[in-house]
Number of protein chains: 4
Amino acid sequence: MKQAEIRSDIAWATPKKVVIHGLDLCEEIVGKIDFGQMAFLQLFARLPEERELRMFNAMMVILVEHGITPSSLATRMTYAGAPEAVQAAVAAGLLGLGSVFVGSLDNAARLLQESLPDPDNVPDIDALARQIVDDHRARKEILPGIGHPFHKPVDPRAPALFRVARDVGYDGPYIRLMTAIGKEAEQKLNRSLPVNVTGAMAAVASEMGVPWQICRGLAVSARAVGLVGHILEEMRQPLATTLYLRTEHEASAHLIPKADQEEP
Amino acid sequence: MKQAEIRSDIAWATPKKVVIHGLDLCEEIVGKIDFGQMAFLQLFARLPEERELRMFNAMMVILVEHGITPSSLATRMTYAGAPEAVQAAVAAGLLGLGSVFVGSLDNAARLLQESLPDPDNVPDIDALARQIVDDHRARKEILPGIGHPFHKPVDPRAPALFRVARDVGYDGPYIRLMTAIGKEAEQKLNRSLPVNVTGAMAAVASEMGVPWQICRGLAVSARAVGLVGHILEEMRQPLATTLYLRTEHEASAHLIPKADQEEP
Amino acid sequence: MKQAEIRSDIAWATPKKVVIHGLDLCEEIVGKIDFGQMAFLQLFARLPEERELRMFNAMMVILVEHGITPSSLATRMTYAGAPEAVQAAVAAGLLGLGSVFVGSLDNAARLLQESLPDPDNVPDIDALARQIVDDHRARKEILPGIGHPFHKPVDPRAPALFRVARDVGYDGPYIRLMTAIGKEAEQKLNRSLPVNVTGAMAAVASEMGVPWQICRGLAVSARAVGLVGHILEEMRQPLATTLYLRTEHEASAHLIPKADQEEP
Amino acid sequence: MKQAEIRSDIAWATPKKVVIHGLDLCEEIVGKIDFGQMAFLQLFARLPEERELRMFNAMMVILVEHGITPSSLATRMTYAGAPEAVQAAVAAGLLGLGSVFVGSLDNAARLLQESLPDPDNVPDIDALARQIVDDHRARKEILPGIGHPFHKPVDPRAPALFRVARDVGYDGPYIRLMTAIGKEAEQKLNRSLPVNVTGAMAAVASEMGVPWQICRGLAVSARAVGLVGHILEEMRQPLATTLYLRTEHEASAHLIPKADQEEP
């Protein structure tokens with residue numbers, strides 16, 4: 001748990017040089033690699049191959065923007081109170097990326113990675129899927145990564161991501177297992193439960209070797225980019241103040257005694 | 001200030017479709033554009049031209065990783081206490097990107113954009129630089145964007161960024177003004193004060209039309225990517241617990257009366 | 001700026017003892033002093049006298065709860081996404097306590113403390129107030145601490161706080177100066193501009209010797225208590241999901257082409 | 001899950017009045033109740049009785065200050081980067097109050113409350129404790145609320161809190177159960193495992209009727225008060241910059257090639 005040594009292998013700097021994961025920032029990074037490659041470098045401590053980069057980019061772009069969500073509203077509310085602290089507005093929006101909205105990504109990736117600890121040693125996928133579905137039903141636990149309350153019958157983002165995976169040659173056991181889980185669940189539960197964007201992301205991240213514990217980190221960093229777009233819009237076309245005043249009025253109107261209600 | 005209407009023009013979704021800034025997520029974004037293009041789209045509501053994308057990527061990659069900083073330490077300390085909430089660890093690291101470390105980027109961009117409100121109508125750059133330096137000296141204010149306490153005599157990241165700017169055809173008035181401010185300051189103050197990474201970023205962002213108010217947002221979103229790398233390392237090779245225990249001991253040892261000091 | 005030494009004088013611990021600001025936690029704090037005294041101890045490194053405690057409590061209780069605000073909505077939105085991370089929900093709500101909502105407290109306290117650096121050496125208060133009002137009008141700056149957009153004509157919290165101040169014997173120069181600024185502004189601007197809760201807080205905090213830089217900290221810590229109340233209510237009687245779904249619909253409806261609008 | 005109505009019962013305001021949990025802020029709160037009572041009001045929607053208040057104060061004061069911790073270091077690191085955003089520094093320190101440091105409070109309270117759902121209908125406490133210890137051992141799970149790595153053999157805060165509980169008349173089944181769990185574990189595991197501060201807090205909170213889901217909220221709001229003390233000290237006697245520079249040097253020195261090592 002503890003270690004006496006304090007050591008980080010990510011970066012070093014001298015007055016003349018900055019080196020990140022072994023690459024010279026000024027000579028080998030700036031102007032040479034793009035934002036997607038840099039994000040990959042930061043996660044894997046090496047540059048991606050072409051196919052890895054295409055897959056990684058597809059995952060990251062899908063996570064950037066989800067419209068008006070609890071997350072973007074927290075960002076906009078925070079910006080309304082502290083426009084001088086843009087970093088706080090971004091942070092506030094990230095804080096709700098927890099068990100409800102992004103946690104299912106961790107859960108799905110964990111399920112896949114713990115069920116298939118060695119992707120080079122793959123058992124019967126259909127039997128494994130059946131066992132997973134049965135186990136979850138027995139424990140009355142929700143299966144992560146399948147079905148969607150809004151994107152019905154099919155979450156269109158899942159096939160879009162799987163299409164890229166096929167194109168670049170990722171069609172390994174995690175994607176097959178995730179798909180098999182969806183099919184098995186549909187049969188057992190007798191309703192449409194195709195793989196959703198979360199399940200697709202989890203499968204692809206597992207194919208790429210992203211540990212499940214850090215999948216949420218991918219979502220969080222991509223969303224940080226998206227939240228800056230919401231701050232920019234809030235700056236030009238604010239909605240937070242109107243929304244909070246309306247909400248305050250609606251939420252508390254029932255409490256105000258007649259005698260205290262003011263003339264308009 | 002307020003507006004009665006609640007309206008956002010960023011994205012919309014139906015069960016079958018997600019559209020972001022007019023592009024269909026599944027048909028036109030996933031597998032078609034990369035993470036850098038997506039970040040640009042989110043900020044400018046349009047895809048970048050080739051040269052814009054190269055410039056934008058160069059800015060973003062330079063901001064991702066700065067090694068062990070107060071920001072990455074806040075992330076690691078938070079992860080040590082709440083490893084289940086990766087989003088909180090990223091957010092904690094972003095919160096210190098304020099006036100001391102990233103604020104100078106806003107300040108430099110603001111100075112450039114307010115001094116040159118119309119980049120198509122450019123006055124004598126040298127005279128403008130002289131006036132800016134004189135004004136700051138008269139008000140005893142620090143000039144943002146020049147000099148660096150560690151990267152001496154030259155912050156190597158500034159020429160690296162300017163090199164990309166020249167390569168892709170950005171060598172407009174904001175870069176010229178920032179450079180002229182550095183030269184003028186060196187003459188007036190008689191010491192080496194070349195443009196630093198912040199000044200270079202501010203100049204390039206101004207050339208690209210990024211409003212100064214959102215420059216900090218670029219830094220914040222790029223750093224979110226970097227902080228995930230620190231979480232990954234903290235997960236595998238932790239330093240936070242050792243560091244806090246050592247610090248606790250060192251910081252409070254002088255307070256403990258002899259009678260209360262325990263045998264080891 | 002830097003210091004070689006790492007030292008903190010707040011607390012120390014041995015296996016048998018915890019001591020905070022010189023008081024033994026188990027013998028002299030738990031069961032002996034209350035939450036208000038503890039908060040005072042933490043800020044002033046000593047226990048309050050009776051009158052200080054009454055004044056401090058009056059300030060703290062006024063800051064705890066402000067109903068549905070951008071701050072409490074950010075907390076509720078965050079809780080909706082990450083109910084397992086209550087700490088993140090509280091933090092999200094604190095992040096917007098910036099220049100718009102709480103910053104005026106810092107500004108008012110700073111104005112008072114810089115105008116009256118030595119409370120034992122008080123100049124003509126009315127003349128000082130006149131000069132402050134004139135200076136602000138000349139610079140077209142807003143005077144902090146007077147007037148209120150909602151609590152008109154009088155913010156009832158200001159006289160309530162001043163009443164306690166009088167009762168416990170705080171009626172010193174900062175309260176007189178704040179009041180004089182309000183009167184002077186009313187005359188000059190010819191409209192009702194009495195001291196508001198922020199101005200009253202700033203004056204009382206200045207009387208108590210709270211440095212203006214930490215006034216925001218008082219507000220932040222009191223509000224943390226309030227936000228836990230909102231989390232508790234959100235747990236039992238949620239509003240965040242309804243609010244975000246409604247807002248999403250209202251904000252983006254205008255973007256959806258007719259052909260993509262689904263049957264209900 | 002969702003509800004169509006948006007409603008909050010905490011507070012309402014008119015221009016002339018602010019009412020919180022049914023009490024008029026200006027007439028019944030300011031100058032009438034103290035910070036501890038206000039915090040209780042916010043959590044229980046009613047004022048405490050005398051004994052409840054004494055117990056609640058004892059819990060809150062114990063949570064305020066823990067010296068140099070990952071939490072206070074995150075606050076100080078954030079303050080070093082964004083001294084203008086005190087709210088962000090407090091928030092950063094709260095974010096790490098998760099499963100490692102405060103989560104055991106939730107876990108202990110949950111264990112007690114789920115084991116004893118009806119405090120008026122109490123089974124054989126010793127038998128219940130035995131079963132709990134056996135269950136945890138069988139599942140190889142850690143028992144929350146007993147033992148302490150630093151405060152050995154006894155965490156002095158637990159008996160301090162229990163002393164107050166006895167004094168004010170709280171010596172109910174949750175405290176008895178927690179104590180019995182400690183004793184049972186000591187016997188079974190054959191080492192000293194007395195109730196620690198977390199276990200004591202969980203037992204007392206359960207006696208008072210605080211739902212386990214919000215116990216972390218108590219800790220978070222009390223700690224917000226403590227973190228303001230750390231900001232105040234960091235303002236006057238900073239340690240963050242020294243600490244990060246030292247850490248940066250120590251952590252990355254091994255990476256720098258000889259040829260790049262600069263003369264001092």
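**Exercise 1. A charged pair between chains C and B**

D260(C) and K17(B) form a salt bridge, with their closest N and O atoms 3.0 Å apart. The model is predicted. Show why this pair passes the salt-bridge rule, then describe the interface of chain C and chain B.

*Solution.*
Step 1. The rule asks for a side-chain nitrogen of Lys or Arg within 4 Å of a carboxyl oxygen of Asp or Glu. The pair D260(C) and K17(B) comes to 3.0 Å, so the rule is met.
Step 2. Count the salt bridges across this interface: the rule finds 2.
Step 3. Turn to polar contacts. There are 8 residue pairs between chain C and chain B, with both residues at pLDDT 80 or more.
Step 4. Locate the contributing elements of chain C. Strand 1 (11-14), helix 5 (86-95) and helix 12 (240-252) each supply at least two residues of the side that touches chain B.
Step 5. Sort that side of chain C by residue class. It holds 12 nonpolar, 6 polar and 7 charged residues.
Step 6. Give the extent. 25 residues of chain C contact 25 residues of chain B. The two chains bury about 2200 Å² between them, and 61% of that lies on carbon and sulfur atoms.

**Exercise 2. The interface of chain B and chain A**

Work out how many residues meet between chain B and chain A, what area they bury, and which helix of chain B gives the most.

*Solution.*
Step 1. Start with contacts. 88 residues of chain B touch 88 residues of chain A.
Step 2. Add the area. About 7400 Å² is buried between chain B and chain A, 70% of it on carbon and sulfur atoms.
Step 3. Check for salt bridges. The rule finds 0 across this interface.
Step 4. Check polar contacts. The count is 24 residue pairs, both members at pLDDT 80 or more.
Step 5. Find the main contributor. Helix 11 (residues 215-236) of chain B gives the most to the side touching chain A, with 16 residues.
Step 6. Classify the residues. The side of chain B that touches chain A has 52 nonpolar, 20 polar and 16 charged residues.

**Exercise 3. The sheet of chain A**

State the strand order in the open sheet of chain A. Then explain why strand 1 and strand 3 each have a side without a neighbour in the sheet.

*Solution.*
Step 1. The open sheet has 3 strands in the order 1-2-3, with antiparallel pairing.
Step 2. Strand 1 (11-14) and strand 3 (23-24) of chain A stand at the edges. Each has a single partner strand, so one side of each lacks a neighbour in the sheet.
Step 3. Inspect one pairing. Strand 2 (residues 17-20) and strand 3 of chain A run antiparallel and are joined by 2 bridges.
Step 4. Pick a residue pair. I20(A) stands opposite L23(A) in strand 3 of chain A.

**Exercise 4. Chain D: sheet and loop**

Identify the bridge partner of A11(D). Then decide: is H21(D) buried or exposed?

*Solution.*
Step 1. Chain D has an open sheet of 3 strands, ordered 1-2-3 and paired antiparallel. Strand 1 (11-14) and strand 3 (23-24) of chain D are its edge strands.
Step 2. Strand 1 of chain D is joined to strand 2 (residues 17-20) of chain D by 4 bridges. In strand 2, A11(D) has I20(D) as its bridge partner.
Step 3. H21(D) lies in the loop between strand 2 and strand 3 of chain D.
Step 4. The cut-off for buried is under 20% relative accessible area. H21(D) has 18% relative accessibility, so H21(D) is buried.
Step 5. List its contacts. Beyond neighbours within four places in sequence, H21(D) touches D9(D), I10(D), L41(D), Q42(D) and A45(D).

Technical notes: Residues numbered from 1 in each chain as written. Chains lettered and ligands numbered in written order. Heavy atoms only, no water. Pairing = 2+ DSSP bridges. Contact = heavy atoms within 4.5 Å. Buried area = accessible area lost by both parts, 1.4 Å probe. Polar contact = N/O pair within 3.5 Å; in protein donor to acceptor, adjacent residues only side chain to side chain. Nonpolar A, V, L, I, M, F, W, Y, C, P; charged D, E, K, R; others polar. Buried < 20%, exposed > 50% of the residue type's maximum accessible area, 1.4 Å probe, protein only.
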